[in-house]
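I sat down with this one to go through it piece by piece. These are my notes, in the order I looked things up.

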Amino acid sequence: MSIRHGLLALLDQGPRYGYQLRTEFESRTGSAWPLNVGQVYTTLSRLERDGLVEPSGEDDEGHVFYAVTEQGRQELRSWFDTPVDRRSPPRDELAIKLAMAVTVPGVDATAVLQAQRGHTMTALQALTRLKARALAAVERPGAAGPDLAWLLVLDQQVFQAEAELNWLNNCETRLIRHAARPARETAVREGERER
Amino acid sequence: MSAPETSAQQWKDTPIAPVLRLQAVSRVHGAGPAEVHALSGVDLDVLPGEFVAVMGPSGSGKSTLLTLAGGLDAASSGRVVVEGQELGALTTRALAAVRRRSIGYVFQDFNLVPALTAAENIALPRELDGLSARRARTEAQAALAEIGIAELADRFPDEMSGGQQQRVAIARALIGERRLVLADEPTGALDSSTGEAVLAVLRARCDAGAAAVMVTHESRHAAWADRVVFLRDGRLVDESGPARVEASLRVGLGNLGGSGGSDTAGDTE
Ligand SMILES: Nc1ncnc2c1ncn2[C@@H]1O[C@H](COP(=O)(O)OP(=O)(O)OP(=O)(O)O)[C@@H](O)[C@H]1O
Ligand SMILES: [Mg+2]
């Protein structure tokens, strides 16, 4: 969905050809989600099939331009007007991995968690270095919309990595509490559940 | 900002003396059944230009580590070395001089002198160091400006918000050529973007050659550091740092030049 609407939003600012769309999409999002030209053309042909864009001529070099249709404009407007659905979050590999780690015998869940924390923290550090550059870019006189767009996308990734780390710390605390329960009590409880 | 690979490379090639070195440092409070091991056998080197973040649950020993590194408390065993001087071997006077000249300390509770204005609080350690009142005042103004609160110079602590006091405390720690900055939750009272601005200043100090150790509860803030160490029950448990950075940077750095070679990630719909 996001690529589709992203391209519509760019075309709303005037006709463009495939390679231009790819470049502009990436500069807005700091190429957090790199696109290949093939994806751009596939998406354009679907948009055309659905009547949301139409070809609008070629230049001397043979680039085929696309323009947004009225229907495409309506689709774009309604995309901006509608919140992104978060009611059924996508499956998360890490959540599944930890759920398995605490239940599969012989797996050290704390080790899994600590390794992930180190990795995620490292990723967050890398993102933060990029963010420091984006912050400087935004503060420069003459900073433009794409600079701000890039900073916002980086912020999103930073907050997401932070949320994951907070969750991992929380998991660690829960594991420690769980392990600290008196062994006999644990056995009794488990026995009760079986009955 | 300096590329982390480069500095990691440097460390490998030339032995650079750490600004701060903790060797098997322990701190035990009380005795007998009431004994608390606030810190147990901690080893940590912080090199010039390096920014280290310390994280860990409440009571894990973060402030203890910082007070020992800053010479505000003495280790029960082990060595604390700042710029080549073992703190435990110094006279009270010599220790006070190291604290004043080499170490900038941001306290968890700010610790400003209530009877002094912001500028006077910041200038105080410089004046104690023998600087003229005017020089110290000029430096204090510069430190206030660097941290973005030049207009607060003449306010007293009780005339400032918590976040403003916190920034004054940070400016005080940064004044002069302090080679080691120790900061205990320096962003605790700051909103997100003010906190970020303070971290950018700390980062810039380290990029200019200072060493810093910062305690924080927020990963987002810790991520400004080159290295993040975790404390649990007084022990360092695991670390993320320069060694692991490179792999993950691939993801982020594809971005920068808008280099066209990143056709691999196929997030098809
Ligand atoms: N003077 C003291 N006497 C006895 N115990 C102490 C003393 N100072 C600290 N402790 C204990 O040492 C441990 C570490 O304390 P420290 O202040 O270093 O924790 P912290 O990690 O900074 O926690 P927080 O995140 O809450 O600031 C705690 O268990 C604390 O109760
Ligand atoms: Mg503390």
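**Metal site**

B:Ser63 comes out as partly exposed, because its relative accessibility is 27%, between the 20% and 50% cut-offs. I note up front that this is a predicted model. I started with B:Ser63 since its OG coordinates the magnesium ion (ligand 2), together with OE1 of B:Gln108. The coordination distances run from 2.0 to 2.7 Å. Where do B:Ser63 and B:Gln108 sit in the chain? I found B:Ser63 in helix α2 (residues 62-69) of chain B, and B:Gln108 in the loop between β6 (103-106) and α4 (118-128) of chain B. They are 45 residues apart, so I wrote this down as a link between distant parts of the chain. B:Gln108 also counts as partly exposed, with a relative accessibility of 46%.

**Nonpolar cores**

Next I looked up the largest nonpolar core, which has 55 residues. Which members touch the most others? I got A:Met121, B:Phe51, B:Ile122, B:Ile147 and B:Val168. Helix α6 (residues 109-139) of chain A gives the most to this core, 7 residues. Apart from this core there is another one of 28 residues, including B:Leu44, B:Ala69, B:Ala211 and B:Val213.

I then picked B:Val168 and set aside its neighbours within four places in sequence. What remains in contact with B:Val168 is B:Leu112, B:Ala118, B:Ile122, B:Leu144, B:Ile149 and B:Met160.

**Helix α4 of chain B**

B:Ala118 and B:Ile122 turned up again here, as two of the buried residues of α4(B). The others on my list are B:Ala119, B:Asn121, B:Ala123, B:Pro125 and B:Arg126. What do the buried residues of α4(B) pack against? I found α3 (92-101), α5 (133-146) and α6 (162-174) of chain B. After α4(B) comes B:Gly130, with a positive phi near 100°.

**Strands of chain B**

I moved on to strand β1 (residues 20-29) of chain B, which pairs with strand β2 (residues 36-46) of chain B over 7 bridges, antiparallel. Across from B:Val28 I found B:His37 in β2(B). The hairpin of β1(B) and β2(B) has 6 residues between the strands, and B:Gly30 takes a positive phi near 70° there.

β1(B) also pairs with strand β4 (residues 77-82) of chain B, again antiparallel, over 5 bridges. I checked B:Ser26 and got B:Ser77 as its bridge partner in β4(B).

**Sheet of chain A**

In chain A I traced an open sheet of 3 strands, ordered β1-β3-β2 and paired antiparallel. Why do β1 (16-17) and β2 (53-58) of chain A count as edges? Each has a single partner strand, so one side of each is left without a neighbour in the sheet. Between β2(A) and strand β3 (residues 64-68) of chain A I noted 4 bridges. A:Glu54 has A:Ala67 as its bridge partner in β3(A). Helix α3 (residues 37-49) of chain A lies across β2 and β3 of chain A, at about 115° to β2(A).

**Cysteines**

Last, I looked for disulfides: how many are there over all chains? The count is 0. I also looked up two cysteines by name. A:Cys171 is buried, because its relative accessible area of 15% is under the 20% cut-off. B:Cys206 is buried too, at 2%.

How values were computed
Residues numbered from 1 in each chain as written. Chains lettered and ligands numbered in written order. Predicted model: local features only at pLDDT ≥ 70, side-chain atom pairs only at ≥ 80, totals over all residues. Heavy atoms only, no water. Donors = N, O, S within 2.8 Å, 3.2 Å for Na, K, Ca; no water. Buried < 20%, exposed > 50% of the residue type's maximum accessible area, 1.4 Å probe, protein only. Core = buried A, V, L, I, M, F, W, Y, C linked by side-chain atoms within 4.5 Å. Contact = heavy atoms within 4.5 Å. Pairing = 2+ DSSP bridges. Axes fitted to C-alpha atoms, helices over the stretch in contact; angles between N-to-C directions. Disulfide = S-S within 2.5 Å.
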